[in-house]
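Visitor: I am new to this structure and would like to go through its sheets. Please show it to me.

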Amino acid sequence: MKNHFILACIACALIIASCDLDDYTGGPIKPPTGKIEFKNHSVSPVLLEKTSEFSGIEVYNILSSEDTYIPDFTYGSMADGAGLMRNKDGTFTLLNNIEADYSVARITLDETFKPIKGEHILNAVATANTAQCSGSLITPSVHGFGPLYLSGGEWGGNSKGVFATDPYKDAAEASAPRMLPALGQWSTENAVALNRRAYPGKTVVFIGDDNSNNEIPSGQLGMYVGRMGDLDGGKLYGLKVTSPGVTYEMDMEEGVAYDMEFVELEEKNIDLLDTEAKAKGVMGFSRLEDIDWRRGSRENNREVYFAVTGRNKPGLVGKGTRSGRIYKVELNERNPNEVGKITCVLDGDKIGGTAEAFHSPDNILVTENYAYIQEDPNGIQDFKPAANHYSRLYQYDLNTGALKTVLECDQINAAAAGYGSADRIWEITGMIDISETIGVDETFLLITQNHGWERADGVPFTDPKANPDLANSRKEGSMLYVIKGLER
């Protein structure tokens, strides 16, 4: 019996090791599969300004909406969430949400990491014109099954919930979606599965609800738990804060750990689910956005972080954050739905606090030692002068609590060069750690949604194969960057 067990373990390990796909796990860096050569492939300039503390990092613009070097493909409007895979032939595949084109693009990069092909594997017909916001990749090496790409249906159409797309899907089938009803309908920003080590034998997926209610904070943190690889037959839960005296998120002070648990939810329809969650005391946040988990040890993998972007509305004052917050959830070591802790680690509403300069944190990427926080400014500088800046990328040290600004969108020089106007604030988004996938340490992808940047001739930056309704599409462009030299 012992020998059979050992052989089974070896076989399992070989299956995982033979997989041609990798995800960012906090593990050792593998050798690159080809000759990686970072350079500015785009005709667009680099429009990000590094701070003095991070002057040594390298920034490359590798693809923008005005580029034509990829035949029959337009990098569309409001590119967002992403996931990168390494292929057996030394090339790479990038799955990338194109938010305002209601689609998911598949971009092939060659061995040097230059984009060479683009197509869409989920289009606006499939999503019923529902924005695909942040996204996450599921792989066998990290999650125990896959590959599968998850994306959130948030605004625009009525396909609210989680889309699951096969990365190898034939582009001719781009109009055929697969959704995951068991994960519920939300104003879904993202759906993120934990590392398989967090809870062996289980698949645990967190869902961010970007509900924008102007009177009651209603963005909820959903959690789906099923058997490993089962995204259809599990149970759905919502986070409830159980410490006394906490009714709204603003009752939680920065740096204080509060008791929480996950309560089971039966409904799946967006309105019925919201009603049930409120009735059961699920905590509402003021636009809960992106989610990620900490890399490294198994204990780290049960540490979940999420961004709340905030909303500056009179009815929410004292209830929901205005400037934005970052929360940490420490899950129960035995079962994810049992008692754990939640802490607001960064409070943008705290004048004089560490995060006073926050202007609507939206997306978040977590490595073993840092959280990288990306902003989507929502116009709060009128009541908070410290937020009077363009969109920033922050580095938050998970060990020391230090918060630093890595870079900021350089919209003054951009406007002077004809890339939009200085008063249409861009968004930084879609950041992923690609170090392990490409075999080059401290390397990331980063995306900007360049609001207000449109072609002079009025032709929209929209690929008709993604969204055929060009007349009603967003006209503005996006840019894709490589960032090299950031600590993990």
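Guide: A definition comes before the questions: two strands pair if DSSP finds at least two bridges between them. The model is predicted.

Visitor: Which residue stands opposite Val241 in β14?

Guide: Strand β13 covers residues 235-241 and strand β14 covers residues 257-265. The two run antiparallel and are joined by 6 bridges, and pairing requires at least two. Opposite Val241, in β14, stands Met260.

Visitor: Which are the edge strands of the sheet with 9 strands?

Guide: This open sheet has antiparallel pairing and the order β10-β11-β12-β13-β14-β18-β17-β16-β15. An edge strand here pairs on one side only. The edge strands are β10 (188-193) and β15 (288-293).

Visitor: By how much are neighbouring strands of this sheet turned against each other on average?

Guide: The angle ignores direction, so the antiparallel sense of the pairing does not enter into it, given that angles otherwise run between N-to-C directions. The average turn is 30°.

Visitor: What is the order of the strands in the open sheet of 4 strands?

Guide: The edge strands of this sheet are β3 (79-86) and β6 (115-122), each pairing on one side only. Its pairing is antiparallel, and the order is β3-β4-β5-β6.

Visitor: Which residue stands opposite Leu109?

Guide: Strand β5 spans residues 103-109 and pairs with β6 in the antiparallel sense over 6 bridges. The residue opposite Leu109, in β6, is Pro115.

Visitor: How much are neighbouring strands of the β3-β4-β5-β6 sheet turned against each other on average?

Guide: Direction is ignored for this angle as well. For neighbouring strands of this sheet, the average is 20°.

Technical notes
Residues numbered from 1 in each chain as written. Predicted model: local features only at pLDDT ≥ 70, side-chain atom pairs only at ≥ 80, totals over all residues. Heavy atoms only, no water. Axes fitted to C-alpha atoms, helices over the stretch in contact; angles between N-to-C directions.
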